[in-house]
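User: Hi! I would like to learn how the words used for a protein's shape are justified. Could you walk me through this one?

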Amino acid sequence: MNPIFKILPLIIFYAGIALAQKPAEPAGCRIQVFVDQPGPVISKNIYGHFAEHLGHCIYDGIWVGKDSKIPNTDGIRNDVVKALRDMKIPNLRWPGGCFADTYHWKDGIGPAAERPSIINTFWGGVTEDNSFGTHEFMELIDLLGCDPYITGNLGSGTVQEMAQWVEYLTSDNKSPMTYLRRKNGREKAWKVKYLGVGNENWGCGGNMTPEYYSNEFRRYSNYLNNYSGNQLNRVACGPNSDDYKWTETLMKDDGARWAMQGLSLHFYTVPDGWDKKGSATSFTEKNWIRSFATTLHMDDLITRHSAIMDRYDPEKRIFLAVDEWGAWYDVEPGTNPGFLYQQNSLRDALIAAINLNIFNKHCDRVKMANLAQTVNVLQAVILTDKEKIVLTPTYYIFKMMAVHQDARLLSSNIKCEQYKLDTDSIPSISYSVSKSADGKIHLTVANLFAARGQKISCEINGLKINKITGEILSSNRITDCNTFEKPDVVVPKSYTDFKTNKNTLELQIPAKSFVVIEIE
Ligand code: AHR
């Protein structure tokens with residue numbers, strides 16, 4: 001007998017074991033897009049930002065004063081303005097945050113030398129000299145070419161104070177407020193599209209119950225007028241993450257519901273809980289997937305708050321404004337704990353991509369969102385150090401995803417593998433797809449696997465593919481950041497790892513990466 005036959009059973013046995021032990025090949029992922037089923041418009045305001053008087057966001061980050069050696073326009077940093085314009089910033093929320101419900105706007109107008117100094121009680125107890133006030137903010141808005149989103153003080157202010165601020169900003173009539181504005185150098189009224197009627201009034205904005213806030217919102221809104229052709233969108237303070245009772249109480253109150261054009265929602269990605277938030281730069285794959293699992297809760301929150309809103313507002317007249325979101329970690333070692341300064345890594349880029357893809361998919365209800373915060377605070381898009389500036393990985397996600405601004409969401413579906421580690425199990429892909437007014441299709445897709453590339457087969461129904469271009473954002477390590485010394489570690493690069501087969505696009509997406517594809 002041929003000796004090979006004697007050992008054949010052994011060969012088969014060990015080959016079986018070897019096959020069983022081989023890690024499963026990625027099954028690949030399939031996305032179907034239906035070009036002839038355009039959905040609602042993805043409001044550009046989903047790509048909005050938030051700048052509070054907190055740490056070095058306004059002071060040093062945006063405002064350096066007219067006498068600074070740092071190139072500026074009337075005190076506002078030119079480099080920051082350019083970066084934000086390039087990113088297509090659509091709106092900016094100001095002056096807070098918790099600061100807003102301590103802010104008295106009249107402290108921030110008139111000759112700078114005569115403005116009173118106050119203590120910023122929420123953020124570091126530092127002295128605020130009010131050199132950046134209403135006129136400076138509105139000039140910043142002009143330079144950025146975006147919409148202002150002003151948050152009024154309901155917590156410690158008065159109805160009269162908020163009503164007068166609206167009049168000062170937006171009225172062209174003759175009145176004491178408009179006279180004051182003219183005296184301070186501004187002849188023409190500004191346009192203010194969004195007004196937040198308080199901030200987090202369930203917490204730092206006055207510790208109110210929803211019933212109490214609902215009444216206050218009605219009372220304040222009654223005096224927040226539309227002057228001289230300006231149309232205010234009054235944004236009521238909405239819930240803290242999953243406080244569904246708050247949403248229910250405001251929505252079922254007829255008076256509050258009729259007075260509001262928007263309702264806010266705040267939810268932060270705090271992967272390991274508020275007690276020990278963890279480092280922005282030193283983390284493991286376990287923290288990586290935990291961060292994404294936490295971020296994905298945004299989808300449930302929007303779904304459930306929207307369902308409550310649908311019951312009282314089925315026509316979707318009232319928009320949901322996710323006007324504070326982003327990752328919140330421990331501050332960088334050695335920095336003021338009250339300044340919330342944190343670095344920003346590839347993980348944050350993918351957190352931003354997940355959130356923006358979620359907002360896009362809920363664009364029938366979510367018409368505004370604001371990342372916290374623009375410069376030097378929390379998940380910043382820009383970091384500055386005196387005259388130096390660095391654009392973070394999150395910045396590049398906003399820039400790459402700007403193609404969705406005011407495009408129509410396209411109907412689509414996905415089948416993909418789960419990404420599992422320990423107790424976490426999340427979809428390995430985050431994506432959304434839209435069609436812009438010029439007919440171009442944009443697909444934004446993130447592969448969340450820390451160490452596995454994926455093949456994505458994307459079927460585009462209803463379009464003959466002519467031309468495809470792409471960009472990718474990735475890096476060698478999940479913890480990679482852009483620093484003042486090495487600002488170009490995580491930057492977009494051209495992406496060409498795709499092929500087409502009739503109306504199907506085959507994409508090979510590396511581990512831990514984000515890709516934007518333009519299809520014509
Ligand atoms: O963004 C920082 C703070 O977080 C804001 O001031 C407040 O509204 C929220 O709690």
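**Helices, sheet and core**

Analyst: Happy to! In this predicted model, helix α3 (residues 134–144) and helix α4 (residues 159–170) have axes that come within 12 Å and cross at roughly 50°.

User: Why is α3 called oblique to α4?

Analyst: Roughly parallel needs an angle under 35 degrees, and roughly perpendicular covers 65 to 115. The crossing of α3 and α4 is roughly 50°, which fits neither range, so α3 counts as oblique to α4. The crossing is right-handed.

User: Which residues make the contact between α3 and α4?

Analyst: T134, H135 and M138 do so from α3, and W165, Y168 and L169 from α4.

User: How do you know that β22 and β26 pair?

Analyst: Two strands pair if there are at least two bridges between them. Strand β22 (residues 468–473) and strand β26 (residues 513–519) share six bridges, in the antiparallel sense, so they count as paired. In this pairing, E471 stands opposite V516 of β26.

User: How is helix α11 directed relative to β22?

Analyst: Helix α11 (residues 393–401) lies across β20, β22 and β26, and runs at about 165° to β22. Angles over 145 count as roughly antiparallel, so α11 is roughly antiparallel to β22.

User: Which residues touch the most other members of the largest nonpolar core?

Analyst: Y213, W325, F359 and F514 do, in a core of 127 residues. Helix α10 (residues 346–361) gives the largest share, 10 residues. A second, separate core has 24 residues, including V433 and C458.

Methods
Residues numbered from 1 in each chain as written. Predicted model: local features only at pLDDT ≥ 70, side-chain atom pairs only at ≥ 80, totals over all residues. Heavy atoms only, no water. Core = buried A, V, L, I, M, F, W, Y, C linked by side-chain atoms within 4.5 Å. Buried < 20%, exposed > 50% of the residue type's maximum accessible area, 1.4 Å probe, protein only. Helix = DSSP H or I, 4+ residues; strand = E, 2+ residues; numbered from the N terminus. Contact = heavy atoms within 4.5 Å. Axes fitted to C-alpha atoms, helices over the stretch in contact; angles between N-to-C directions. Left-handed = near helix turned anticlockwise from the far one by under 90°.
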